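This report describes selected features of a protein model for a reader who is new to structural biology. Please look at the sequence and the structure before reading on.

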Amino acid sequence: MRKQLIKGNEAIVKSAILSGCRAFYGYPITPASEIAEAAAKYIPQTGGVFLQAESEVAAINMLYGAASAGVRCMTASSGPGMSLMQEGISYLAGAELPCVIADITRGGPGLGNIAAEQSDYHQVVKGGGHGNYRTIVLAPHSVQEMADLTALAFELADRYRNPVVVLADGFIGQMMEPVEFPQTAIEPRQPYWAVAGTAETRANLITSLHLDIDELEAHNRHLEQKYLCAEQLEVRAEEWQTEDADIVLVGYGMVARILKAVTAEARASGLKVGVLRPVTLYPFPKLNFQQLATSASAFIVVEMSNGQMLEDVRLAVNGARPVEFLSRVGGNVPSHAEVLRYVRAQALRYLPAMEPEEGRIVHV
């Protein structure tokens, strides 16, 4: 299929439709508004439903209803809107209802601003709602991945009967790149557990309410086993030039693109640098960090937040190697030059003095 030059936000919607999504409920918010706009344009053309809800609270509960009927459905928002959805996300997870939620992150806290940031990590990855639940979280770093990971999100949502979040900073949502979509679409099918208003599905019950304490404990253990299974089977990460890396740079989303450029320049000057990019933020790629900690001298985490993923990196490394941190917040993006200077400064701390290779002066 011919590639299309489109925004990341629009790529999400086209991929969702090809993945069988037939219902979108949402409320516009910058920098995610193009998702609702594209959904309003395209989903009705497939015979599906688009509805602009009166609020994010309403939208997430409409998602609960559509998912209960077995419809592949999604919503999209950003920081403040995601905060309003947290109770509904907990209900969806508790009732084991699959859906996809796109979070195109903006600056915070509070109203913050409409610039790109990565400060929703704690809220999304750790679960901002109540109870013992998790959401699977996918972090694209290109417009092509906005499409690819949205398709994966619907697959994982159905496989685990759980909400899946596509977490992208505002830059990835707003940028335009060529995207190639699959040539075949998935035909929506009603799952066996859905409530369809028919005699066959009358016995099905969708609820997150378990008043008996032993029954609720058993339900929590069941959910826990699903998450443990996901941690075994669904971890995804990209390693880039890490085979011989002395310093491993860690970042996701827009930051990972910067880190790859920094790595290329650092290696040109003789520094063995690589990039580890978590693609699944939950389940987190702990094993990748543990394996690299056996050979690398140090890790450098770069985030557009005050260090929210940093905590997971340090837990994964578990003290085996030092983990340093560079951040920008408020919508500022760490520049190529800024990151490169920081990498060179950390190289002076952690790497032994390097001898010039073949007469070439190695600049740290």
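The text below treats two sheets, the helices that pack on them, and some backbone features in loops.

The structure is a predicted model, in which local features need pLDDT of at least 70 and side-chain atom pairs count only at pLDDT 80 or more, while totals for chains, interfaces and linings use all residues. Residues are numbered from 1 along each chain as its sequence is written, and side-chain values use heavy atoms, with hydrogens and water left out.

**The seven-stranded sheet**

Helices (H or I, at least four residues) and strands (E, at least two) are DSSP runs, numbered from the N terminus. Two strands are said to pair if DSSP finds at least two bridges between them. In general, strands of a sheet pair through backbone hydrogen bonds, either parallel or antiparallel.

Seven strands form an open sheet with mixed pairing, in the order 3-2-4-5-7-6-12. Strand 3 (49-52) and strand 12 (280-282) stand at the edges; each has a single partner strand, so one side of each is left without a neighbour in the sheet. From one strand to the next, the twist averages 20°. Angles run from 0 to 180 degrees between N-to-C directions, and axes are lines fitted to C-alpha atoms, for helices over the stretch in contact.

Within this sheet, strand 4 (residues 73-77) pairs with strand 5 in the parallel sense over four bridges. Ser 77 stands opposite Asp 103 in strand 5. Helix 3 (residues 56-68) packs on the sheet and touches strand 2, strand 3, strand 4 and strand 5, where contact means heavy atoms within 4.5 Å. The direction of helix 3 makes about 165° with that of strand 4.

**The five-stranded sheet**

An open sheet of five strands, also with mixed pairing, has the order 9-11-10-13-14. Its edge strands are strand 9 (237-240) and strand 14, each of which pairs on one side only. Here the twist averages 20° from one strand to the next. Strand 10 (residues 247-250) and strand 13 (residues 298-303) pair in the parallel sense over four bridges, and Val 248 stands opposite Phe 299 in strand 13.

Helix 11 packs on this sheet, touching strand 10, strand 11 (273-278), strand 13 and strand 14, and its direction makes about 160° with that of strand 13. Helix 12 (residues 336-350) lies across strand 10, strand 11, strand 13 and strand 14, running at about 160° to strand 14.

How many of the ten residues of helix 11 are buried? Seven of the ten residues in helix 11 (308-317) are buried, a term that means under 20% relative accessible area, with exposed meaning over 50% and partly exposed in between (1.4 Å probe, protein chains only). Among the buried residues are Met 309, Leu 310 and Val 313.

**Backbone features in loops**

Two residues other than glycine have a positive phi. Arg 161 lies in the loop between helix 6 (143-160) and strand 7 (163-169). Asn 318 comes just after helix 11, in the loop between helix 11 and strand 14 (323-327).

| Residue | Phi | Relative accessibility |
|---|---|---|
| Arg 161 | near 45° | 18%, buried |
| Asn 318 | about 55° | 64%, exposed |

A cis peptide bond joins Thr 30 and Pro 31, with omega about 5°. Pro 31 is placed in the loop between strand 2 (23-26) and helix 2 (33-42). The peptide bond from Gly 108 to Pro 109 is also cis, with omega near 5°, and Pro 109 is placed in the loop between strand 5 (99-105) and helix 5 (121-125).
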